[in-house]
Amino acid sequence: MTTTAPQLGKKRKKRGGILGNTGLYLAVGVAALLFLLPFYLIVRNALSTDPEITGENWKLLPSFQWGNISELFDDPTVQFGRSLWNSTVVAVLMTVGTLLVCSLAGYGLARIPYKHSNKVFYAVLATLMVPTAVTFVPSFVLVSSLGWVDTYRGLIIPGLFSGFTCFLFRQYFLGFPKELEEAARVDGLGYWGAYWRIVVPNSLNFFAAIATITFISGWNAFLWPLVIGQDPDSWTVQIALSSFMTNQTVNFHLIFMATAVSILPLIFVFLFLQRWLVQGIAQTGIKG
Amino acid sequence: MSTTTTRGVAQPASAKASQARPRRGLRSNATLNFWLFTGPFLIGLVIFVFVPIGWSIWLSFFDARYTVTPSHFIGFDNYKQILTNSNFPESLLTFTVFAAFIVPTTWALSLGLALLVNQLRFMRAFFRSVFFLPTAVSYVAAALIWKMSIFSGVRFGLMNTVLGWFGVDNIAYLANPSPPWYWLVIVSLRLWIQAGFYMILFLAALQNIPAELYEAAAIDGAKRGWQTFRYITLPQLRATSTAVILLLLIAAYQAFDEFFNIIGTKATWAQTPLMELYKTALGTSQDYGAGSAGAVILSLLICIVTLAQGKIMGFGRGEEVK
């Protein structure tokens, strides 16, 4: 239904009178309400009692049970605090590691003259053809034979070497103004010095964009942590949430409170870093 | 910039030294630096990408049940088994149906939202944020809301409550495969999460269309609305559309999270290829050989679809697709 609306708005493109604008804003407003509805449901249910969620008399506002928060973290049957911590460690280390490893490689491929550099680049490109989700079987085989099941190493390290992120960094550095680095080289800095003192400080926007995308995908990852995390102690937030859906002992209000808590950090990151995120996505065109 | 100047003043000696150094030294210096920069990444890439892929191909020719170091070579039997004796082919069909739903609807919805937001003169950033916000939500969390609050079969589900106002009886959306109400649940969830992301891509592309094109069209007598959309906007978005459709297809192939959490692996219907692989390799049978064979087949399929789609849509014709 929203898809036919744009033509309607389009007809009145550029100051199409009060009527056109009203129609446009009405369409956008309705779509926005639909998009916000699930967020409202999470918050409403998270602050409700169970009868309020499952009862027939559906009220718009909950009874604001703030105690649900402490109940969730005090519940000994779910280690929610533990899985929050795991997710934080995984997402943060993954972001830092990916930025470091992939940006260095991207810079090397883009800027340092080496006669086989094209061949190396094609080898990186080739990995983009095999989707990471499909390789979970062989990756699990490898990681389990390394003895990394249920460990942070197993959760984090295999995800650091993203051919795609490296590719994005290379594209970015190709467009980075060469003059800046050359000035630094003349002044006696090597590649390493020029990279850390000139290139990185002048690329913080791009680094922030990639960091945001990596953090979000690290926090939201499901398949790999599901494969690796067999012991509940190593569960990430997503695995814990998923287990709630099958675990009958957890109550509805706790499930929704857990969902709310799991989304909150990302919303925060999102709203805070949105400028870079939008810019980065528009620049790169693709998800990390 | 300030760093460069201070360094230049402080270290005239080193600048002189580098001038005096012969060119040959500079080149081997570059080679060393190349490996210094790319080495850590390449080592990791070989260990965690190339080795698993190679291992997977190797495993797919062995009888590898409960073991990752098998000794019994069985040729293409794993491929035969996963293509004939399992639900894997059926899951490919499930994927096809899913892709046939999700790719065009997401394309249309995200383009529609982009066109709408692009027209706004007030509160544009606000609405853009609203549509973009679901991108932050995980499929697991969304699955939870969809399954337990919006589409739960019983009375307290939001959808059934609303339908109830119009006198429609409760619908059990997820209880059985016919009628296939579950598609409504799955597709609406993914639309909600994905549309904002692709909207950003379209917004960026829309802002890159030169205004002169519209002016020229107006002089030529093109009517605003459908005509300019059909003959200017849509062709100008071609490169972005190609990229979006490609990304949507690849994302659809990898569908796992919401199917796993909403339908579950115990159901016999709506099992995606990755769910079948998950069950084969990590379920009770622990059949790494057949699982690997399935992974190889799925990878090849994705490559073929990607290349074919690129060929049909003219991949690489647009410069935005970097």
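Analyst: A helix here is a DSSP run of H or I of at least four residues, numbered from the N terminus, and B:Thr38 lies in helix α3 of chain B. The model is a predicted one, in which local features need pLDDT of at least 70, side-chain atom pairs count only at pLDDT 80 or more, and totals for chains, interfaces and linings use all residues. Residues are numbered from 1 along each chain as its sequence is written, chains are lettered from A and ligands numbered from 1 in the order in which they are written, and side-chain values use heavy atoms, with hydrogens and water left out.

User: Why is B:Thr38 called buried?

Analyst: B:Thr38 has a relative accessible area of 1%, and buried means under 20% (exposed is over 50%, partly exposed in between, with a 1.4 Å probe and protein chains only), so B:Thr38 counts as buried.

User: What makes the link between the side chain of B:Thr38 and B:Phe34 a polar contact?

Analyst: The side chain of B:Thr38 reaches the backbone oxygen of B:Phe34 at 2.7 Å. A polar contact is a pair of N or O atoms within 3.5 Å, where within protein one must be able to donate a hydrogen and the other to accept it, and residues adjacent in sequence count only if both atoms are side-chain atoms; the 2.7 Å of this pair therefore falls within the limit.

User: Which residues does B:Thr38 touch, leaving out those up to four places away in sequence?

Analyst: B:Thr38 touches A:Ala105, A:Gly108 and A:Leu109, where contact means heavy atoms within 4.5 Å.

User: How many residues of chain B and chain A are in contact, and what area do the chains bury between them?

Analyst: On the side of chain B there are 101 residues in contact with 112 residues of chain A. The two chains bury about 9,900 Å², 78% of it on carbon and sulfur atoms; this is the accessible area (1.4 Å probe) lost on putting the two parts together, summed over both. B:Phe37, B:Phe41 and B:Phe48 supply 9% of the area that chain B buries against chain A, more than any other three residues. Helix α3 (residues 23-59) gives the most to that side of chain B, with 23 residues.

User: Why is A:Tyr107 called buried, and what does A:Tyr107 touch?

Analyst: The relative accessible area of A:Tyr107 is 2%, so A:Tyr107 also meets the definition of buried. A:Tyr107 sits in helix α5 (residues 80-111) of chain A, and, not counting residues up to four places away in sequence, its contacts include A:Phe173, A:Glu181 and B:Phe37.

Methods
Helix = DSSP H or I, 4+ residues; strand = E, 2+ residues; numbered from the N terminus.
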